[in-house]
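Work through these exercises with the structure open beside you. Try each task before you read its solution.

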Amino acid sequence: MNVNSIKQVACIGGGVIGSSWAIQFAMKGLDVTLYDINEEQLKKSSDQMHKSLEALVQYNAITAQQCAELVARVNLTTSIEEAVRGARFIQESGPERLEIKQSILAQVEESAAEDAIYASSTSGLLISDIAAKAAHPERCVGAHPYNPPHLIPLVELTSGEKTDPEILQTAYDFYQSIGKEAVLLRKECPGFIANRLQLALYREVQDLVMRGVCSVEDVDKALVYGPGLRWAIFGHNMIMQLGNPGGLTGMVQMLGNSGDKWLADMASWTHQPDNWAEVAQPGVDAEMARFPEHIGHTNAECAAYRDQMLIELLKLHRKL
Ligand SMILES: NC(=O)c1ccc[n+]([C@@H]2O[C@H](COP(=O)([O-])OP(=O)(O)OC[C@H]3O[C@@H](n4cnc5c(N)ncnc54)[C@H](O)[C@@H]3O)[C@@H](O)[C@H]2O)c1
C-alpha cells in the first residue's frame, strides 16, 4: 500500500491517547473518525481535544482558526462500523486489557477494508496475542506512542508472529510521513525501548537517594541541567560520537574500563523500593517550593511550564 493513499484514519478509543492521536492525524491533514463506546465518553474525548488544541493556540503553535478547522476534521461516532468505513489506517487505543483489545479487533475486522492496517497503541501487550484470533493477523502491528502522541514524536513499532513485514514497513513509512519518529523493535520485548531506558535510569535515581548520596532535588537538577539538555538534542550514541575527535570509537578508547567500578557499585535490584513514595514526595515538594517564579510552585503551574517548554523544543526540532 502506498502511504499517500491513506487519507482517512479511524481512532478506536478516545481516551488520553486516542483523543491525542486524533489531533495528530488531523494536524497532518487526514480525515479522522473517532469511536468510543458511548456519547458520554465521546464528550470527554471532545473536551480533551479542545483542551490540547487550546494549549497549542496559547503557545503560538497554531492559530485559533486552525484550531477550529482541526476540530472539524475529527468526526465522532459510537459506531465502529461507521468509524472504520473508508479508513485505510486504524489506530486502536482502547483499554489495556487483552480480551477487550481482541474483541475490538474482531469488531473492526467485520467492517474494515480488507487492506486496512490495524495499529494498536498497547503499552505492554504483545501484538501476537492481540491478533491471536484475528482473521488477518498479518495486517496488525503494535504502535506504542509516547504521551501525548500529538506532541511527542516517538512511536515504537512491533510486529507479531504473523505480521507481514511489508505492512510493518508501510506503517513505519506512514508514521514518518506524518512527522512521527518511528523506531522498529526487531524482537518483541517487554517495555519496548523508551520505557526500559527510563526505568533503568529511574532505578539509579532511586538508589542514589535511598543510599543518601544526594537529595531528590539534586538528582533531578543533575539530570535536567546536565545530560537531559544534551539528550533533548541527540541520543546517547551521538553524544559519544561528538565527545571525542575520534568519534564514538575514540570515546570508547579514551574511557577504557573506567566505568566498570561504577557499574559494580550501581543498583541492580529487580524490585522497586516499597517506601520510595514516602521518601521522595517530601523531596519533590521541597524542589517545587524552591523553583523560580517563572516555573511556578504548584502542579498546575509546573505542568503549564512543561507544556510550553515542550512546544518550544518541538519548534526547534522542526516538529511543530
Ligand atoms: N496513557 C499513557 O500514557 C499511554 C501511553 C502509551 C500507550 N498507552 C496505551 O494506549 C491505550 C489507551 O490508553 P489510555 O491511557 O488512552 O486509556 P484511557 O482509559 O484514557 O482510554 C481508553 C478509552 O477506551 C474506551 N473504551 C472502553 N471500552 C472500549 C471498547 N470496548 N472499545 C473501544 N473503546 C473502548 C474508553 O471509553 C476510553 O475512552 C492503552 O493500550 C495504553 O496501554 C497509554
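**Exercise 1. Find what surrounds the ligand, and sort it.**

Solution. Step 1: count the shell. There are 23 residues around the ligand, and the closest are Ile17, Asp36, Glu96, Lys101 and Ser123. A residue belongs here if one of its heavy atoms lies within 4 Å of the ligand.

Before going on, note the ground rules. This is a predicted model, in which local features need pLDDT of at least 70 and side-chain atom pairs count only at pLDDT 80 or more, while totals for chains, interfaces and linings use all residues. Numbering starts from 1 along each chain as its sequence is written, and side-chain values use heavy atoms, with hydrogens and water left out.

Step 2: sort by type. The shell holds 9 nonpolar, 11 polar and 3 charged residues. Here Ala, Val, Leu, Ile, Met, Phe, Trp, Tyr, Cys and Pro count as nonpolar, Asp, Glu, Lys and Arg as charged, and the others, Gly among them, as polar.

Step 3: find the main contributor. Helix α5 gives the largest share, 3 residues.

**Exercise 2. List polar contacts of the ligand (pairs of N or O atoms within 3.5 Å).**

Solution. Step 1: take the side chains. A polar side-chain atom of Ser123 is 2.7 Å from a ligand oxygen. For an N or O atom in the side chain of Gln41, the distance to a ligand oxygen is 3.1 Å.

Step 2: take the backbone. Gly15 places a backbone N or O atom 3.3 Å from an oxygen of the ligand.

Step 3: check the cover. On its own the ligand has 830 Å² of accessible area (Shrake-Rupley method, 1.4 Å probe), and the protein covers 76% of that.

**Exercise 3. Look for disulfides (cysteine sulfur pairs within 2.5 Å).**

Solution. Step 1: search the whole structure. The result is 0 disulfides.

Step 2: test Cys11. Its nearest cysteine sulfur, in Cys140, is 16 Å away.

Step 3: test Cys302. The closest cysteine sulfur, in Cys214, is 20 Å away, so the two are too far apart for a bond.

Step 4: check burial (buried is under 20% relative accessible area, exposed over 50%, partly exposed in between, with a 1.4 Å probe and protein chains only). Cys11 is buried at 1%. Cys302 is buried at 17%.

**Exercise 4. Place Lys315.**

Solution. Step 1: Lys315 is in helix α15, residues 299-316. Helices are DSSP runs (H or I, at least four residues), numbered from the N terminus.

Step 2: Lys315 is partly exposed, at 27% relative accessible area.

Step 3: leaving out residues up to four places away in sequence, Lys315 touches Tyr59, Asn60, Ala61 and Leu320. Touching means heavy atoms within 4.5 Å.

Step 4: Lys315 and Ala61 are 254 residues apart in sequence, yet 8.1 Å apart in space, C-alpha to C-alpha.

Key:
Helix = DSSP H or I, 4+ residues; strand = E, 2+ residues; numbered from the N terminus. Polar contact = N/O pair within 3.5 Å; in protein donor to acceptor, adjacent residues only side chain to side chain.
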